[in-house]
Amino acid sequence: MSEVKFISPETIEQAVDAYSKSSKEGNTKILAGGTDLLVQIRSGISQPDTIIDIKNIKELKEISNDNGSYTIGAAVAGAVLDEEEDFGNNWPGVLEALKLIGSEQIQGRASLGGNLCNASPAGDSVPALIASGATVKIQGPEGERKMPIESFHVGPGKTNLKNGEIVVNFQFPKKQKHSGDAYLRMIPRTEMDIAVVGCAVNVTIENDKCVDARVALGAVAPTALLIEDASKALIGSNFEKKAVEKAALACEAACNPIDDKRGTISYRKKVSKVLFKRALEKAIERAKRG
Amino acid sequence: MAKIQVKTKINGEETEFLCQPYDTVLDVLRRDLNMTGTKEVCSTGDCGACSITMDGRLVCSCLVLAAETEDKNIETIEGMAKNGKFNVLQKTFLEHAALQCGICTPGMLVAAKSLLEKNTNPTETEIRYWLAGNLCRCTGYDKIVKAVQAAAEEIRENA
């Protein structure tokens with residue numbers, strides 16, 4: 001093994017510079033909470049020549065609230081975000097999705113940025129981020145750019161990040177009055193497992209009418225999906241049975257899942273409809289409260 | 001290969017060590033610092049036997065690189081008893097026979113301590129959820145949960 005380097009930059013510029021140089025020469029990995037990366041290193045799946053720890057960069061650890069719009073640093077741990085009481089009031093669906101990942105020990109380290117960049121089709125926080133309408137800020141050698149979460153992934157383990165680019169933070173839209181989000185996942189056991197289906201719903205209600213809706217599914221396709229046809233079916237409706245059924249069918253139609261020991265294709269498709277309806281109910285209840 | 005020099009605080013004591021980039025905190029604790037109280041079981045963050053706290057956060061030491069601990073504040077099971085006296089959790093674990101083989105016990109104690117520092121009156125459900133990342137294959141958890149409840153009660157009485 002050639003010499004492995006461990007770098008711990010203090011600015012984004014230093015991190016981008018080191019990342020773009022070292023990834024031309026060999027395998028470089030960005031280290032956030034490490035809950036995926038260290039397991040990959042240990043099992044031999046990943047043997048980076050350079051590890052860049054981004055947790056000493058201020059922006060990646062920051063939580064800020066600008067007049068109702070949250071910015072969450074990519075490396076903020078679940079346990080830290082959980083203590084930010086008002087974030088959970090604004091985005092309970094995003095928080096409950098992030099909190100579903102692993103044990104308290106894992107929550108002490110795992111981050112939204114890590115979950116996104118690990119690019120598992122079953123990553124729990126990703127559908128919730130998509131439904132929230134959040135964008136991700138990326139910085140690279142060519143400067144800064146922003147991307148909606150639903151455009152971030154290309155396939156399992158593959159992202160749209162270019163050479164030297166790192167995820168800086170997540171920017172959430174201002175939460176609308178009478179809106180609410182929710183995330184539910186189906187797993188074969190009761191806790192700490194990988195989603196067989198995950199569904200996030202974010203709705204805004206005005207005079208009992210749905211004026212905005214975003215629905216996202218995880219673990220049913222190579223990447224998490226924004227189900228635009230479900231939004232179309234819901235917007236303008238009173239959440240009457242027909243509209244909800246149409247949206248549920250749109251969810252099912254969008255599924256392109258794998259067949260494995262944890263869930264067959266037909267099971268995952270069927271569960272996507274059920275989970276959507278349950279997540280929708282929860283989101284509506286929250287929207288009516290706030 | 002050039003080693004990385006790390007300066008960190010372990011159980012209140014300034015500690016310096018040299019490590020390789022792939023070394024975890026768990027590797028360094030057990031192999032180099034002879035602090036074998038922290039147990040290695042799964043090495044993938046599933047079992048919680050290697051639980052420590054870093055800057056007050058409960059983490060699995062198998063999922064933290066040793067090189068990341070520069071200027072951190074680490075607490076391990078070795079720091080739990082003070083001046084030769086058991087921590088209240090260590091006492092109630094013994095009183096409730098909340099251990100058999102003992103391999104999960106240091107992790108259980110460190111995790112339970114971290115819960116009681118946040119919440120001295122947890123419900124049984126809260127205790128079970130908090131300790132869900134600590135696997136025990138001997139006792140069946142009931143005695144462990146009762147020991148944590150007893151410790152919480154003692155902490156509240158002495159507050």
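Q: Before we start, where do the domain bounds come from?
A: Domain bounds come from an automatic or database domain assignment. Keep in mind that this is a predicted model.

Q: Okay, so which domains does chain A get?
A: The assignment gives chain A domain 1 (5-53), domain 2 (58-171) and domain 3 (179-289).

Q: How far apart are the centres of domains 2 and 3 of chain A?
A: Their C-alpha centres lie 20 Å apart.

Q: And how many residues are in contact between those two?
A: On the domain 2 side of chain A there are 24 residues, and they are in contact with 25 residues of domain 3 of chain A.

Q: Which elements give two or more residues to the domain 2 side?
A: Those are α6 (92-99), α9 (125-132) and β8 (153-155) of chain A. The largest share comes from α9(A), with six residues.

Q: What kinds of residues are on that side?
A: By class, the side of domain 2 of chain A that touches domain 3 has 13 nonpolar, eight polar and three charged residues.

Q: Switching topic: what's the strand order in the three-stranded sheet of chain A?
A: The order is β1-β3-β2 in an open sheet, and the pairing is parallel.

Q: Why is one side of β1 and of β2 left without a neighbour?
A: β1 (5-7) and β2 (28-31) of chain A stand at the edges of the sheet, and each has a single partner strand, so one side of each has no neighbour there. On average, neighbouring strands of this sheet are turned by 20° against each other, ignoring direction.

Q: How many bridges join β1 to β3 in chain A?
A: Three bridges join β1(A) to β3 (residues 50-53) of chain A. One pair to look for is Ile7(A), whose bridge partner in β3(A) is Ile52(A).

Q: Now the two chains: how many residues does each give to the contact?
A: Chain A gives 22 residues and chain B gives 24 residues. On the chain A side, β1, α2 (37-43), β3 and α7 (104-107) each give two or more residues. The largest share is four residues, from α2(A). By class, this side has nine nonpolar, six polar and seven charged residues.

Q: Last one, what about the domains of chain B?
A: Chain B is divided into domain 1 (4-79) and domain 2 (88-157), and their centres, taken over C-alpha atoms, are separated by 22 Å. Here 13 residues of domain 1 of chain B are in contact with 11 residues of domain 2 of chain B. Strand β3 (residues 51-54) of chain B gives the largest share of the domain 1 side, three residues.

Terms used
Residues numbered from 1 in each chain as written. Chains lettered and ligands numbered in written order. Predicted model: local features only at pLDDT ≥ 70, side-chain atom pairs only at ≥ 80, totals over all residues. Pairing = 2+ DSSP bridges. Axes fitted to C-alpha atoms, helices over the stretch in contact; angles between N-to-C directions. Contact = placed C-beta atoms within 7 Å. Nonpolar A, V, L, I, M, F, W, Y, C, P; charged D, E, K, R; others polar.
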